Amino acid sequence: GCSNGNSSSSSSGTTAQIKLKSSFKNSAATDKNATKNGTLKLAEVADSPFQGISDPVLASNAADSHVFSPGGLNNLFNVDKNYKIIDGGLANQKLDRKAKTATITIRSNGKWSNGDPVTAKDVEYAYEVLGNKESTTSQYSSDFENIEGMAAYHKGTASTISGIEMPDGEKGKKVVIHFKHMSPSMKFSGNSFIWGAAEPYEYIKNVPIAKLASSEQIRKNPIFTGPYKLDKIVTGESTSWVPNKFYYGKKAQIGHITINVVSSNNIVKAIQSKKYDSVVPSASGEVGGTSYKKLKNLKGYTKVGQPALSYSYFAFNLGHFDTKTGKNVADSNKKMANKSLRQAMMYALNVDDVAKKFGNGVAWRGNTLIPPVFTKYYDKSAKGYSLNLKKANKLLDDAGYKKRNGSKWRSDPKGKKLTIYFGGMSGNSITEATYQDYLQQWHKVGLNVKLYGGKPMEMNSFYDLLQKPSQNKIDLWTAAWSLSSEPSQSQLYGETAPFNMGHFVTKKNTELINKMNDSSAWNDKTRTKTFKQWQEYMNDQAGVVPEEFNYVWQPVNNRVKGFDFSPANNELFSDLTLTSSKLK
Amino acid sequence: METTSDFLNIKDVNTAFKINGKYYDAISHINLTVHHDEILAIVGESGCGKSTLATTIMGLHDPSETKISGEIDFEGTNLLKLDEAGYNKFRGAKIGMIFQDPLSALNPLKRIEDQISEVMTYHTKLTAEQKHDRVLELLKEVGIVDPKRTAHQFPHQLSGGMRQRVIIAIAIACKPDLIIADEPTTALDVTIQAQILDVLRKIQSENHAGIILITHDLGVVAETADRVAVMYAGQIVEEGSVEQIFNTPKHPYTRSLLRSMPQRDNQNDDLYVIQGNVPSLQKMSKIGDRFAPRIPWVKPEEHEENPTMHEIEPGHEVRCTCYKNFSFPDQVGSVKA
Amino acid sequence: MEENLNKHSNISAADLDRLTKEASEEATPSSAKIVWNEFKADRPAFIALFIVVGFILFVMIASLFINTPKMMETNIMNYNISPGTNGYTLGADAGGRSIAQQLIVGSRNSIGIAIGLTIISSTFGICWGLISGYFSGYIDWGMQRVYDFMMMLPMTMMIIVLVTIIKNYNAVSLTLIFSIFYWEGTSRLIRSRTLSESEKDYVAASKTSGTSSLKIIFREIMPNISSLIIVDTTLSFAENIGVETGLSYLGFGLPIQTPSLGTLIANANDPNNITEYWWTWLPAALLIIVLCLSISYIGQVVRRSADASQRQGAAEQ
Amino acid sequence: MWKTVLRRIMIMIPEVIILSLLVFLLAKAMPGDPFTGSINPKSDPAQLHHLMKMNGLYDPWYQQYWNWVVHLFHGNLGNSYQYQEPVTRLIGSRAVNTIWLALLTTVLTYCFALPMGMFAAKHEGKLPDNIVRIYTYVTYSIPFFVVLVIGIWIFGYVLGWFPTTGSVSATANPGLPTAGSHLYHILLPSILGALFGTVNVVQYLRSEVIDAKRSDYVRTARSKGVPEKDIYKHHIFRNSLLPIAAFAGYSITGLLNGSIFTETVFSYPGMGLLFINSINYRDYTVITALVLIYGILNLLGTLLSDIILSIVDPRIRIE
Amino acid sequence: MSLVEIKNLKVHYPIRSGFWNRITDSVKAVDGISFNIEAGETYGLVGESGSGKSTTGKSVVGLEKITSGSIMYQGKDITKKINRKELDYNHDVQMIFQDSLSSLNPRKRIEDIIAEPLRNFEHLSKDEEKLRVLQLLDIVGLDPDALYKYPHQFSGGQRQRIGVARAVATNPKLIIADEPVSALDLSVQAQVLNFMKKIQREFGISYLFISHDLGVVRHMCNNIAIMNRGRLVEIGTRDDIYNHPVHIYTKRLLAAIPETSVNNRQQHRANRLAVEEVYREQQDKYYDKDGKAFPLVPISPTHSVALPKEVANKIIKQEGEVKA
Ligand SMILES: Nc1ncnc2c1ncn2[C@@H]1O[C@H](COP(=O)(O)OP(=O)(O)OP(=O)(O)O)[C@@H](O)[C@H]1O
Ligand SMILES: Nc1ncnc2c1ncn2[C@@H]1O[C@H](COP(=O)(O)OP(=O)(O)OP(=O)(O)O)[C@@H](O)[C@H]1O
Ligand SMILES: [Mg+2]
Ligand SMILES: [Mg+2]
């Protein structure tokens with residue numbers, strides 16, 4: 001999944017004020033008849049019609065992966081609660097550090113929903129689609145060139161990927177991938193080296209890869225490997241599903257599942273008027289914190305939730321991107337280069353209050369850059385930045401940011417006027433209210449912070465500006481990331497990461513980030529330690545500071561039984577049954 | 001059928017319009033009779049109530065905006081007592097009407113044939129075919145050269161004269177006894193005017209209808225009418241045969257009108273000008289001679305207090321007594337204009 | 001020439017003052033006065049006029065006493081506070097900002113935009129229509145092609161595209177963008193009336209009197225379509241208030257920091273606000289309705305009085 | 001007549017070209033690019049650049065425009081960046097929805113407006129007329145989207161009578177049920193749109209009828225002895241309805257404008273909603289195509305009106 | 001030298017059609033007419049509706065774009081705009097319109113209406129101008145209190161007199177009167193006609209008097225031109241036209257005038273029908289193949305008729321015989 005960052009999350013205290021379970025173990029008995037003949041109605045919250053690209057390689061939008069989720073998204077691997085790949089899924093994976101290979105073995109009864117077996121070629125073909133020069137995917141990244149021969153294939157100089165081997169032939173069940181070097185992140189789902197899904201080669205082989213995204217096979221009649229198969233699709237609006245009898249795992253029980261797109265403006269009303277059993281279960285969160293307040297007391301629904309993969313953050317503009325070397329460079333003469341200034345600004349904020357007010361308990365102040373969903377790596381003890389005006393003032397005073405010549409505002413240590421431009425994307429009224437609140441807080445410590453352009457920016461313009469190799473218009477901003485289930489930080493804050501839009505680079509940071517994936521990281525304990533160290537370092541440096549964490553939560557109608565959307569549940573859709581034919 | 005029986009008797013008719021909540025008489029105390037086989041011309045200046053009289057006979061006034069009193073006796077029926085449906089039995093069937101503006105009087109979106117046959121639909125039991133034949137017949141009767149083609153055309157495709165002929169065709173479609181023609185030729189050229197008047201006269205003699213011809217053109221009256229009623233400010237001031245009116249006009253107004261016409265014999269003289277203006281409805285005096293203000297040199301005592309019609313010879317009636325010693329100032333030479 | 005006249009006229013220079021005075025005593029009231037009388041006679045219209053003028057004045061004056069940046073500061077503790085509490089007469093919005101104050105400033109902004117838009121688009125549209133209607137030939141042909149083109153433009157879409165292009169647009173640039181598109185209707189109306197007006201003989205008379213084209217257009221023809229202009233302007237004023245609102249609703253109008261009736265109504269974007277926090281949008285919606293109703297009512301009265309004077313003219317002819 | 005139509009169409013061509021160039025340039029001038037929105041930690045900016053290059057987005061504008069025009073002549077409006085689908089197909093599927101919505105709205109508009117306008121005019125100045133006039137005042141004054149929002153809230157959510165999203169139910173069986181479901185989905189937005197769209201028609205019809213009532217040909221009809229109700233039927237209504245027919249074409253502009261709001265509120269996947277989405281995603285090809293299509297539809301609307309009018313009115317019938 | 005000499009004047013209105021909207025045809029509103037207006041005389045232009053009378057009149061004042069031909073005034077062709085400017089032509093030539101209401105700007109007070117030409121041509125002080133307007137009102141017989149009234153507050157005759165006042169304000173040499181009385185009632189018509197004659201006597205103005213009412217024309221004009229389908233069919237003095245009409249069209253027109261002499265109306269009618277009959281029969285003789293009237297041929301010093309040469313010669317001979 002991905003988020004365009006537009007949904008700046010909203011938020012609460014140092015930790016969540018509520019505790020939600022990730023499952024709803026309904027005590028009512030399953031109504032066999034209702035389950036067999038009934039329809040589970042799910043909503044997909046999206047403000048635009050979904051695009052309808054069922055192929056996970058080509059999809060670029062969360063809505064697509066959501067509306068096709070009952071089909072299982074052709075996922076190869078089962079995971080545990082830390083998103084670590086475990087055996088038991090459609091395929092198992094074995095890493096060989098010495099030989100620098102990953103071996104993927106497909107289970108013998110793995111079948112597509114049209115009855116075709118899942119073959120080695122299906123696994124291999126995913127890489128072909130991904131790396132093809134003509135491919136329209138946006139999922140390809142240079143990380144994949146870690147696979148032998150991928151670079152050549154991507155350039156178009158080779159017609160196959162030499163590093164991917166099918167020892168039992170295309171129809172076999174085994175795939176061996178040869179890497180240039182191995183990374184500990186390969187153990188986790190969502191890493192950027194091993195693609196976690198298969199492509200139905202036989203079914204789509206006649207479609208040129210460039211045309212795949214618009215082909216009938218992908219749009220109209222896609223096939224899947226999951227518990228349900230697609231029954232009908234109304235482009236952009238809805239999908240409906242029936243049990244897939246070829247599914248290798250636990251058999252699906254509900255006769256129909258429908259997924260309808262509902263706009264974010266309407267979702268609360270739609271749930272309140274009991275049009276839907278729930279929203280599509282997902283890790284990125286369908287209903288936000290504001291809705292929680294409105295839905296928490298809704299009769300007939302139970303709330304389930306788990307910490308989100310996403311978080312919002314503040315980032316400072318600290319350097320530029322050198323397009324020649326492809327590296328981020330820190331500039332010591334940037335306005336925000338002073339660490340005390342940055343810390344002071346963070347101490348001046350009342351994120352706790354804001355989160356409490358608007359987060360309704362499902363959002364709270366983030367205390368570190370790794371969100372709590374990564375139970376293993378998350379540094380619970382990190383303090384983060386809570387409101388402390390005194391400290392903020394002191395920091396500023398000590399660093400030489402003083403009010404001079406009777407001015408209302410502090411000037412910089414050299415005595416020059418200091419105006420800081422803050423950037424944020426437009427969103428709902430709460431987003432904007434929050435920005436105003438932040439500005440007020442900064443004004444309280446005497447910092448002349450202004451909203452860049454006088455108002456929140458439209459998303460496109462915002463990223464357009466931030467992605468320039470060098471910009472001096474916005475000094476700090478707030479936005480949000482949705483993380484992959486593999487929490488390596490190199491793509492966000494690494495020295496060469498183009499998404500490191502604040503250009504925060506230090507030796508220590510580079511070192512720590514590299515360490516997250518070097519050979520030492522094969523040892524889970526070491527890796528955990530590295531993560532903790534990095535979090536501590538980042539918090540101290542305040543180059544990028546977390547704003548809020550939040551729960552992914554959703555209301556589930558009480559007629560639904562067996563709902564559990566924790567990552568460790570690999571049979572989410574198969575488990576579901578209904579206890580009555582009507583919504584409760 | 002040489003009856004001269006009067007089939008239309010208008011007795012003491014008043015029509016008042018509501019203007020700003022008050023009623024004002026547009027025509028007052030009109031008495032008129034129309035006979036078969038005659039053309040009765042009504043002349044008078046613009047605004048004197050000619051059209052009002054016509055539409056009163058046709059019952060075309062909005063009852064909520066007008067007040068009508070008196071009696072219009074048409075072949076034994078008092079038209080003013082009829083309801084809408086009753087009136088419709090007469091309109092189109094027994095009374096036909098011809099309007100002034102031939103373009104706007106025809107429905108622009110209907111073919112000529114439909115507009116003519118419509119009137120037959122309501123008053124005859126003719127079949128569609130018969131109606132079609134009758135339409136062609138009528139068009140021929142009013143002098144249209146190519147009836148077939150014309151029947152199929154729309155009003156805008158016809159010239160003014162042709163349109164007026166079509167309207168006449170509509171008016172005579174059901175052979176009415178009475179045809180009211182309200183300024184049928186004002187919008188037309190002289191040559192066409194002459195033709196239209198010929199058609200009217202022909203129809204009158206063929207159908208033995210009575211025609212009320214409303215006009216302000218004295219020449220038309222002189223050429224066409226059998227009898228003439230001269231109206232001034234809502235009243236009839238003089239009535240008589242054409243000869244009586246043109247040869248021995250009595251009422252000062254009639255005489256003034258005739259004198260103000262450019263004629264062969266006054267080519268180089270100034271024309272006579274009637275002083276003052278026709279009073280507007282609201283300013284019309286209720287009592288006394290309405291024409292008196294325009295002949296100020298006539299002494300008040302020569303006027304009647306409540307002018308009535310005086311029959312001075314058979315069929316020739318004049319309102320008020322002021323006609324008796326009337327002479328124009330320049331002829332007297334004493335009164336300054 | 002002068003002797004010529006003097007010879008034939010009994011009036012000499014000495015009589016001038018007396019006669020002028022006599023004439024002015026008999027003078028007919030001007031059309032402005034007729035309209036005013038019409039208003040005085042029509043009570044609801046008078047009330048509507050009173051509401052509109054009074055409201056605009058109130059808003060203009062009251063907003064002077066409101067510190068807008070201060071007003072727009074968030075006070076998150078008063079998030080969506082309901083009317084009547086904490087001294088918020090009309091409650092507060094999600095930012096804890098007083099709705100009442102925003103209404104005042106917002107009305108000023110919205111009315112300002114509407115007035116600006118009306119002035120710019122009407123002035124331009126009227127001139128364009130007059131010129132295009134008066135002149136025939138290539139000028140008119142060219143100007144009509146522009147109409148055709150404008151007619152083709154999908155307005156809302158074009159405005160949205162333009163709004164997204166201009167990075168830091170504000171009330172002024174927004175007004176200008178709107179103006180690009182909203183002159184056309186007025187202009188067409190004016191043109192067709194000008195066309196028929198130009199055919200009247202008084203225009204020919206002016207031409208033969210040696211009056212220049214521009215003078216004929218603006219001094220002769222324009223006063224004759226003034227009632228149309230007034231009516232159209234009032235109606236488009238009412239309409240223009242709605243223009244900005246709709247775009248704000250779609251998210252392409254004024255930024256929230258610049259309160260307007262549009263941004264306030266945009267609160268209704270969220271269905272929850274519709275029911276739960278109705279005070280965030282309903283007063284603005286009602287205000288627009290009342291305002292637009294009043295203005296269009298005034299437009300009707302003006303139209304009627306214009307008609308009446310025509311009727312009066314017709315009756316006396 | 002067809003000659004005239006053809007000529008009108010020929011005149012349209014330069015207008016469409018100017019519009020296309022204008023829109024193309026404006027779209028390009030918008031900040032951001034089609035891939036700005038898809039940044040997330042997993043996507044590789046290098047790949048995004050690769051995609052940009054592949055799609056020719058780094059070419060100079062005239063090159064891009066030229067390519068676009070060349071493709072256009074092959075009936076190819078390009079690919080949507082967001083939907084990765086040919087624009088023609090994408091818009092085609094949305095256009096169907098918008099057209100149905102517009103069609104029903106138009107039908108309902110006339111269903112509401114005709115009786116209203118005629119009734120009001122027939123009873124000019126009386127109670128029914130005043131009611132209709134108040135109705136038109138009010139609908140004229142309330143912004144359209146407010147009506148939509150209140151409508152969907154009351155009838156969609158509180159009363160639950162109508163669906164609130166989408167164009168068809170996901171579970172409807174093929175055939176009649178699907179068609180029914182489509183109809184059901186556009187009913188509420190159409191009714192709301194129609195309530196709104198009536199204003200112009202009602203006002204126009206009312207004044208037409210009043211004019212017709214006072215016209216000379218109606219007086220002629222009266223003098224023919226045509227009963228009052230037939231006068232209304234054959235003369236007044238007929239004559240005032242004909243010009244109304246031409247409104248259908250002109251109303252296209254209004255419908256298209258309205259579709260942007262209606263589809264947004266009802267999450268109805270038509271062209272209007274597609275436009276708003278495409279704006280947010282900088283989907284140039286779609287934006288350009290939509291503006292162009294709307295422009296051409298506007299043109300065709302006026303053309304249609306003129307044709308209807310010329311067919312219906314013998315006075316301006318083009319020979 | 002005549003005051004105005006019109007030579008072979010043509011005014012064609014283009015009809016555009018076809019694919020490229022090109023001029024495919026034209027309405028020949030005025031199709032080659034020539035006549036001269038002498039100073040101080042009233043020249044009558046008569047013809048049925050649509051025959052091109054107004055177009056001719058408008059061309060003479062310069063309101064119409066001329067297709068070809070010339071209109072000479074003081075030795076210059078005033079169909080050219082520069083010459084009009086140079087001569088201050090509109091100062092010397094004015095127009096009175098048929099519809100008095102529409103020719104007076106309803107939004108202007110009488111003072112401004114009458115003063116309009118003064119403001120354009122003579123630069124008077126405010127008082128002078130007012131005095132002049134008052135004098136003009138006096139001349140046309142209106143009270144000074146008309147000064148601040150609007151056109152609709154006057155009767156048709158009064159309005160027409162205001163139109164005249166405006167026309168004479170600049171003391172013009174020629175006034176084009178396009179059906180100045182057709183819209184008026186008899187009594188009012190008389191008033192205006194008298195008045196126009198009076199002005200002419202006093203100021204020595206020439207009129208081009210356009211009308212379709214032959215009675216009025218006879219009353220007003222010394223010289224008359226009969227127009228038919230854009231061409232002249234007969235010109236001559238009043239006597240020539242009314243007493244010795246030659247062209248069939250003229251005869252027909254004259255015969256159609258209703259007579260007020262009731263006593264011989266039968267006779268008049270019979271006469272008219274006879275003329276009508278002749279007209280129907282002989283029509284072709286008087287028009288060429290295209291239905292156009294022939295060029296004018298003088299049959300006496302004052303009298304010209306549109307006839308083929310031979311016919312004209314025959315008539316001239318006959319006349320000569322009669323005289324002899
Ligand atoms: N519907 C009406 N409401 C009020 N006044 C009316 C109405 N119809 C006519 N009048 C007035 O009644 C008077 C007589 O009008 P009418 O039309 O009968 O005159 P007319 O003799 O036919 O004049 P014209 O020769 O101009 O046709 C006029 O003063 C006119 O203004
Ligand atoms: N602007 C124009 N465009 C096209 N044709 C015109 C135009 N003006 C006049 N005509 C045509 O020119 C011819 C002469 O018109 P004109 O107005 O001169 O006639 P007229 O003799 O004054 O008629 P009337 O007695 O009706 O006033 C008519 O056939 C008319 O249709
Ligand atoms: Mg009349
Ligand atoms: Mg004319």
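Student: What share of the 317 residues in chain C is buried?
Tutor: In this predicted model, buried residues make up 56% of chain C. A residue is put in that group because its relative accessible area is under 20%.

Student: Which kinds of element does chain C hold, helices or strands?
Tutor: Chain C has 16 helices and 0 strands. Of its contacts with a separation of 6 or more, 67% join residues 24 or more positions apart.

Student: Where does the "transmembrane region" annotation fall in chain C?
Tutor: The unreviewed UniProt entry places it on residues 45–66, 111–135, 155–183 and 278–302. Such annotations may be inferred rather than shown by experiment.

Student: What does the model show over residues 45–66 and 111–135 of chain C?
Tutor: Residues 45–66 are 91% helix and 0% strand, with the end C-alpha atoms 31 Å apart. Residues 111–135 are 96% helix and 0% strand, and there the end C-alpha atoms are 35 Å apart.

Student: How many residues of chain E are in contact with chain C?
Tutor: On the chain E side there are 49, and they meet 45 residues of chain C. The area buried between the two chains is about 4000 Å², and carbon and sulfur atoms give 56% of that area.

Student: What makes the pair E:Lys108 and C:Glu220 a salt bridge?
Tutor: The N to O distance between their side chains is 2.4 Å. The cut-off is 4 Å between a side-chain nitrogen of Lys or Arg and a carboxyl oxygen of Asp or Glu, so the pair qualifies. The rule finds 1 salt bridge across this interface, along with 12 residue pairs in polar contact.

Student: Which element gives the most to the side of chain E that touches chain C?
Tutor: That is H6(E), with 9 residues. Helix H6 (126–139) is one of the elements of chain E that each supply at least two residues to this side; strand E6 (93–96) and helix H8 (186–203) are also among them.

Student: Which chains have the most contacts among the 7 pairs that touch?
Tutor: Chains A and D do. Their contact takes 59 residues from chain A and 49 residues from chain D. The area buried there is about 4400 Å², with 51% given by carbon and sulfur atoms. In chain A, the residues that lose the most area to chain D are A:Glu237, A:Asn460 and A:Phe499, together 13% of what that side buries.

Student: How do you know that A:Arg219 and D:Glu85 form a salt bridge?
Tutor: Their side chains are 3.1 Å apart, N to O. That value is within 4 Å, so the term applies. Across the interface of chain A and chain D the rule finds 1 salt bridge and 4 residue pairs in polar contact. The largest share of the chain A side, 5 residues, comes from H13(A).

Student: How do you know that chain B and chain C do not touch?
Tutor: Contact requires heavy atoms within 4.5 Å, and no such contact joins chain B and chain C. Their nearest C-alpha atoms are 7 Å apart. Chain A and chain B do not touch either, and their nearest C-alpha atoms are 48 Å apart.

Student: Why is B:Cys322 not counted in a disulfide?
Tutor: The closest cysteine sulfur, in B:Cys320, is 3.7 Å away. A disulfide needs sulfur atoms within 2.5 Å, so this pair fails the test. The count over all chains is 0 disulfides.

Student: Is B:Cys322 called buried or exposed?
Tutor: B:Cys322 is buried, since its relative accessibility is 0%. B:Cys174 is also buried, at 15%.

Student: Why is D:Thr178 called buried?
Tutor: Its relative accessibility is 17%, and the limit is under 20%, so D:Thr178 falls in the buried group. D:Thr178 is found in helix H7 (residues 176–213) of chain D. Leaving aside neighbours within four places in sequence, D:Thr178 is in contact with D:Val168, D:Ala172 and D:Asn173.

Student: What makes the phi of A:His503 worth a remark?
Tutor: Most residues other than glycine have a negative phi. A:His503 is not a glycine, yet its phi is positive, near 55°. A:His503 is found in the loop between H14 and helix H15 (507–515) of chain A, and is buried at 2% relative accessible area.

Student: Where is B:Ala233 placed in chain B?
Tutor: B:Ala233 is in the loop between strand E9 (227–232) and strand E10 (235–241). Its phi is positive, about 50°, although it is not a glycine. At 1% relative accessibility, B:Ala233 counts as buried.

Note on methods:
Residues numbered from 1 in each chain as written. Chains lettered and ligands numbered in written order. Predicted model: local features only at pLDDT ≥ 70, side-chain atom pairs only at ≥ 80, totals over all residues. Heavy atoms only, no water. Helix = DSSP H or I, 4+ residues; strand = E, 2+ residues; numbered from the N terminus. Buried < 20%, exposed > 50% of the residue type's maximum accessible area, 1.4 Å probe, protein only. Buried area = accessible area lost by both parts, 1.4 Å probe. Polar contact = N/O pair within 3.5 Å; in protein donor to acceptor, adjacent residues only side chain to side chain.
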